[in-house]
Amino acid sequence: MAHRPALRHTPAPLARPWCAIVPPSGPCGLQVALPADYVAFCMHYQDRYLRYTRVRVADPALSRDLVEAALGNVAINWAGLLASHCPAAEAWDILGSVIAQAVRGQTAASLCNVMYRILPQLQADVVVLRHRLCLSDEQAADLLGVEEPVVTSQLRMAHRTMSRHFEHSPIPANAAP
């Protein structure tokens with residue numbers, strides 16, 4: 001797992017009430033119980049996870065599947081995430097791993113894929129969140145599970161690296177932002 005600088009301190013979790021979800025296609029009477037704090041986590045992050053994933057994979061259906069898989073992995077590891085220093089950072093790492101596995105063999109030279117080959121993961125994530133999703137430093141920091149100054153510094157470093165890189169090698173002609 002990648003080291004994350006200046007992780008955000010999160011308050012201790014509250015008592016965990018449970019929510020019952022009855023799947024429409026499930027057997028009669030089957031109820032799947034999910035912790036209310038997990039449901040709240042999903043409600044808070046799922047839209048931004050989906051927007052971010054769409055930028056990375058450029059396929060709405062695949063994006064939805066990847067976010068569902070990532071949140072499924074988060075659910076499976078929920079108790080461990082809550083015990084970690086920063087559950088948001090841990091969940092972001094899970095999402096990043098699911099996406100990385102999905103795009104690993106892609107030959108498309110999108111500007112986004114090029115950027116992830118040039119920059120460290122955290123810097124590339126900050127660029128996408130700030131420039132493609134137009135999130136504030138505070139919103140990006142919340143999503144990544146880092147402090148706001150980390151977002152600011154990572155963005156500055158990414159801009160310097162990208163400027164130097166593209167100064168010496170042009171953007172591929174078929175690269176789409």
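## Core and aromatic contacts in a predicted helical chain

The chain's secondary structure amounts to eight helices and two strands, where helices (H or I, at least four residues) and strands (E, at least two) are DSSP runs numbered from the N terminus. Starting at the N terminus, the order of elements is β-β-α-α-α-α-α-α-α-α. This is a predicted model, in which local features need pLDDT of at least 70 and side-chain atom pairs count only at pLDDT 80 or more, while totals for chains, interfaces and linings use all residues. Residues are numbered from 1 along each chain as its sequence is written, and side-chain values use heavy atoms, with hydrogens and water left out.

Of the 177 residues in the chain, 38% are buried, meaning under 20% relative accessible area (exposed is over 50%, partly exposed in between; 1.4 Å probe, protein chains only). The accessible surface is about 9,900 Å², and 59% of this belongs to carbon and sulfur atoms; the areas come from the Shrake-Rupley method with a 1.4 Å probe. Among contacts (heavy atoms within 4.5 Å) with a separation of 6 or more, 65% are between residues 24 or more positions apart.

A nonpolar core is a set of buried Ala, Val, Leu, Ile, Met, Phe, Trp, Tyr and Cys residues joined through side-chain atoms within 4.5 Å. The largest one has 49 residues, and Y49, Y52, M115 and L129 touch the most other members. The elements giving two or more residues to this core are α1 (36-57), α2 (60-76), α3 (78-83), α4 (87-103), α5 (111-118), α6 (121-132), α7 (137-144) and α8 (148-168). Neighbours within four places in sequence aside, L129 contacts Y52, W92, C134, L135, A140, L143 and L144.

Rings of Phe, Tyr and Trp (its six-membered ring) pair if their centres lie within 6.5 Å; planes under 30 degrees apart count as stacked, over 60 as edge-to-face and the rest as tilted. The count by this rule is six aromatic pairs. Two of them are tabulated.

| Pair | Centre distance | Plane angle | Class |
|---|---|---|---|
| Y38 and W78 | 5.3 Å | 75° | edge-to-face |
| Y49 and W92 | 5.8 Å | 70° | edge-to-face |

The first pair links Y38 in helix α1 to W78 in helix α3, 40 residues apart; Y38 and W78 are both buried. The second links Y49 in helix α1 to W92 in helix α4, 43 residues apart, and Y49 and W92 are likewise buried. One aromatic cluster is formed by Y38, F41, Y45, Y49, Y52, W78 and W92.

R56 lies over the face of Y116, 3.5 Å from the ring centre; the criterion is NZ of Lys or CZ of Arg within 6 Å of the ring centre and within 35 degrees of the ring normal.
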